[in-house]
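Me: I am new to this structure and would like to understand the terms applied to it. Please explain the reasoning behind each one.

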Amino acid sequence: MAKRDYYEVLGVDRNASANDIKKAYRKMAIQYHPDKNPGSKEAEEKFKEAAEAYSVLSDPDKKARYDQFGFEGLGGAAGGGFNGAGMDMNDIFSMFGDIFGGGFGGFGGFGGGGGRPQQTRFRGSDLRVKVKLTLQEIASGVTKRFKLKKYVACSHCGGSGAEGNSTETCPDCHGTGRIVRTQQSILGMMRSESVCPRCNGEGKIIKDKCRHCNGDGITMGEEVVEVQIPAGVMGGMQLSMRGKGNAGKHNGIAGDLLIQIEEEKHPQLVRDENDLVYSLLLDIPTATLGGVVEIPTLDGTAKVNIEAGTQPGKVLRLRGKGLPTLNEYGRGDIVVNISVYIPETLSKEEKKSFEQFKNSDNFRPSESVKEHLFKRFRNFFD
């Protein structure tokens, strides 16, 4: 099933403020919260869909990429990006539960008896790499491999940070990761909830730290990552691969790998969106008499017929010889801008040849030609 537009999911317009987006997500999350809709698969999917939309629209960088490039700007074609439907519910509450003023358990006011406790899961930091692509690689798509130095789960303790089975339930929060306090006020009993300071919200404590990772559950290592870059990407675009960044402490959530696209300059072609622009410089005989010339393309050359009497400034198009549109059908063109080379110096014989044509009416521009050139000149500025 095709994804719905994130603004549509949250019911806000594209000019909505960050606060409006947050309010809209909170409203939907309350409406479709599992505690209010026990056993409802539809409510669960809508809850996840809202979380996915909020994860993008609440992040200025992701929101900017989504506004400009849509889902592809988030790296969906490269296998990255947040996918609410593929996340565990605990992951969603771990990432966004704070906006409800009490995490997962903050919905206890519904009278539903409170849900599962929210335990903190540490998230690893993102990694960024730059990849330079030729226009040929952009035209066809390419697979790149990176050897990344990154934090990985400690092989000795399996990422737990503990020696053996030396973890135990936190005695202060009893494994919930949260400390709940109630106090009397003029409005009655007030309930507040905060992260347990003893276990930092994890719900468990380590008695004996792993000697290899000093209790963090992560060590520096290497990983070879293969990235499939789709055809049609542009310089400045950022793709992402979820979970390929640094590992999170204590078997937490891994960060993302962010791939920054850079374009290498082509020696003859200049990119303009999905078109490729080529400047063709004709000699006077070819422009006057016509002929056949070769135009560079991304996969070789193409022969083009030049009509007799071709004027400087004329534009030719090689349809479908440009770059593909990202994740869509169709390709751009090769746009050929024609100029005519006028020699700066002439031999005596060459001067005599041109003197013969100097007073010929056929070599003087007519009034209609002048008018046509002026219209083109004015249209350029308009």
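Reply: The following exchange concerns salt bridges and burial. This is a predicted model, in which local features need pLDDT of at least 70 and side-chain atom pairs count only at pLDDT 80 or more, while totals for chains, interfaces and linings use all residues. Residues are numbered from 1 along each chain as its sequence is written, and side-chain values use heavy atoms, with hydrogens and water left out.

Me: Why is the pair Arg-317 and Asp-333 called a salt bridge?

Reply: The term requires a side-chain nitrogen of Lys or Arg within 4 Å of a carboxyl oxygen of Asp or Glu. The closest N and O atoms of Arg-317 and Asp-333 are 3.0 Å apart, so the pair qualifies. Arg-317 belongs to strand β14 (residues 315-318) and Asp-333 to the loop between β14 and β15 (334-340), so parts 16 residues apart in sequence are tied together.

Me: What makes Asp-333 buried or exposed?

Reply: Buried means under 20% relative accessible area, exposed over 50%, and partly exposed in between (1.4 Å probe, protein chains only). Asp-333 has 9%, and therefore counts as buried. Arg-317, at 40%, is partly exposed.

Me: How do you know that Lys-63 and Asp-67 form a salt bridge?

Reply: Their closest N and O atoms are 3.2 Å apart, so the cut-off is met. Both residues lie in helix α4 (residues 60-69), 4 residues apart, about one turn of the helix; helices (H or I, at least four residues) and strands (E, at least two) are DSSP runs, numbered from the N terminus. Lys-63 is buried at 17%, whereas Asp-67 is partly exposed at 37%.
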